[in-house]
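Let's take a walk through this one together, starting from a single residue and working outwards. Have the model open and turn it as you read.

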Amino acid sequence: FTIALISGCTQSPNSPKVPFEDFELNCRLDSDEGRVINSEEEFNELLESKGSGGVWCKDYEFQKPDFTSKTLLGKFASGGCDVTFHRDVFVDHSNKKYIYRINVEQRGLCESMAVSNNLITVDKIPSDYTVEFQIEKE
């Protein structure tokens with residue numbers, strides 16, 4: 001897999017939306033990298049990473065995705081006092097690329113207070129496709 005991090009909108013209007021499900025992991029990942037996780041081994045490596053504030057992700061209880069049929073995507077983002085994270089996933093078959101767009105809608109004048117791993121599961125992404133992560137802040 002190739003991962004690209006892009007700011008701004010590059011999604012083609014002809015790229016269909018991909019359905020996804022939110023995935024809860026109650027610890028903050030200590031990385032700004034986009035995550036594409038396709039196996040339990042990769043997932044366990046993620047859990048072994050130390051989260052923000054010295055909290056180990058492996059110390060939390062949660063349901064693991066079924067990696068035989070699902071891919072886990074995630075990209076850390078933060079926002080101001082009152083924030084809403086809007087997520088969309090698109091597939092561009094002509095370029096063999098998935099686009100995971102996160103729109104961070106911020107309200108308030110304080111420093112960055114709200115954070116999210118923006119973890120979601122999608123149907124298994126083919127191994128010859130790339131994933132591009134886009135963060136847009138309003």
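**Starting at Val115**

With a relative accessibility of 42%, Val115 counts as partly exposed, because that class sits between the cut-offs of 20% and 50%. Bear in mind that what you are looking at is a predicted model. Val115 belongs to strand 8, which covers residues 114-116. Which residues does Val115 contact, once its neighbours within four places in sequence are set aside? They are Arg28, Phe76, Ala77, Ser78 and Phe85. Take Phe76 from that list: 39 residues separate it from Val115 in sequence, yet the two C-alpha atoms are 7.3 Å apart.

Now zoom out for a moment. The protein chain has one helix and 10 strands. Read from the N terminus, the order is β-β-β-α-β-β-β-β-β-β-β, so the helix comes after strand 3 and before strand 4. Of the 138 residues, 44% count as buried. The accessible surface comes to about 7700 Å², and carbon and sulfur atoms account for 46% of that. As for how the chain meets itself, look at contacts between residues at least 6 apart in sequence: 80% of these join residues at least 24 apart.

Thr121 gives you another pairing across the sequence. This residue lies in strand 9, residues 120-123. Is Thr121 buried or exposed? Its relative accessibility is 7%, so Thr121 counts as buried. Beyond four places in sequence, Thr121 touches Pro19, Phe20, Glu21, Phe23, Pro65, Lys70, Thr71 and Leu72. With Lys70, the C-alpha separation is 6.1 Å, although the two are 51 residues apart along the chain.

Next, the helix. Helix 1 spans residues 40-48, and Phe43, Leu46 and Leu47 are buried in it. These three cover an arc of only 95° around the axis, so they sit on the same side of helix 1. What do the buried residues of helix 1 pack against? Their partners are strand 3 (35-37) and strand 4 (70-74). Swing round to the face turned away from that buried side and you'll find the exposed residues Glu41 and Glu45.

Time to look for empty space. Rolling a probe the size of a water molecule over the atoms shows where some is left. The largest pocket here has a volume of about 150 Å³. Its lining includes the run Asp22, Phe23, Glu24, Leu25, Asn26, Cys27 and Arg28, joined by Arg87 and by Ser116, Asn117, Asn118 and Leu119. By type, the lining residues divide into four nonpolar, four polar and four charged. Two of these names have come up already: Phe23 is touched by Thr121, and Arg28 is in contact with Val115.

Asn118, from that same lining, deserves a stop for its backbone. Most residues other than glycine have a negative phi. Phi of Asn118, however, is positive, near 50°. Asn118 sits in the loop between strand 8 and strand 9, and at a relative accessible area of 1% it is buried.

Lys96 also has a positive phi, near 50°. Where is Lys96 found? Look in the loop between strand 6 (82-92) and strand 7 (97-107). There, Lys96 is partly exposed, with a relative accessible area of 39%, whereas Asn118 is buried.

Notes. Residues are numbered from 1 along each chain as its sequence is written. This is a predicted model: local features need pLDDT of at least 70, side-chain atom pairs count only at pLDDT 80 or more; totals for chains, interfaces and linings use all residues. Side-chain values use heavy atoms; hydrogens and water are left out. Helices (H or I, at least four residues) and strands (E, at least two) are DSSP runs, numbered from the N terminus. Buried means under 20% relative accessible area, exposed over 50%, partly exposed in between (1.4 Å probe, protein chains only). Contact means heavy atoms within 4.5 Å. Accessible areas come from the Shrake-Rupley method with a 1.4 Å probe; for residues, only the protein chains shown count as cover. The arc is that of the directions from the helix axis to the C-beta atoms. On a 1 Å grid over the protein atoms alone, a cavity is a set of points where a 1.4 Å probe fits but cannot get out, and a pocket is an open set with protein on both sides within 12 Å along at least five of seven lines; lining residues have an atom within 4 Å of a point. Grid points are joined across faces, edges and corners, and a volume is the space filled by probe spheres set on the points. Ala, Val, Leu, Ile, Met, Phe, Trp, Tyr, Cys and Pro count as nonpolar, Asp, Glu, Lys and Arg as charged, and the others, Gly among them, as polar.
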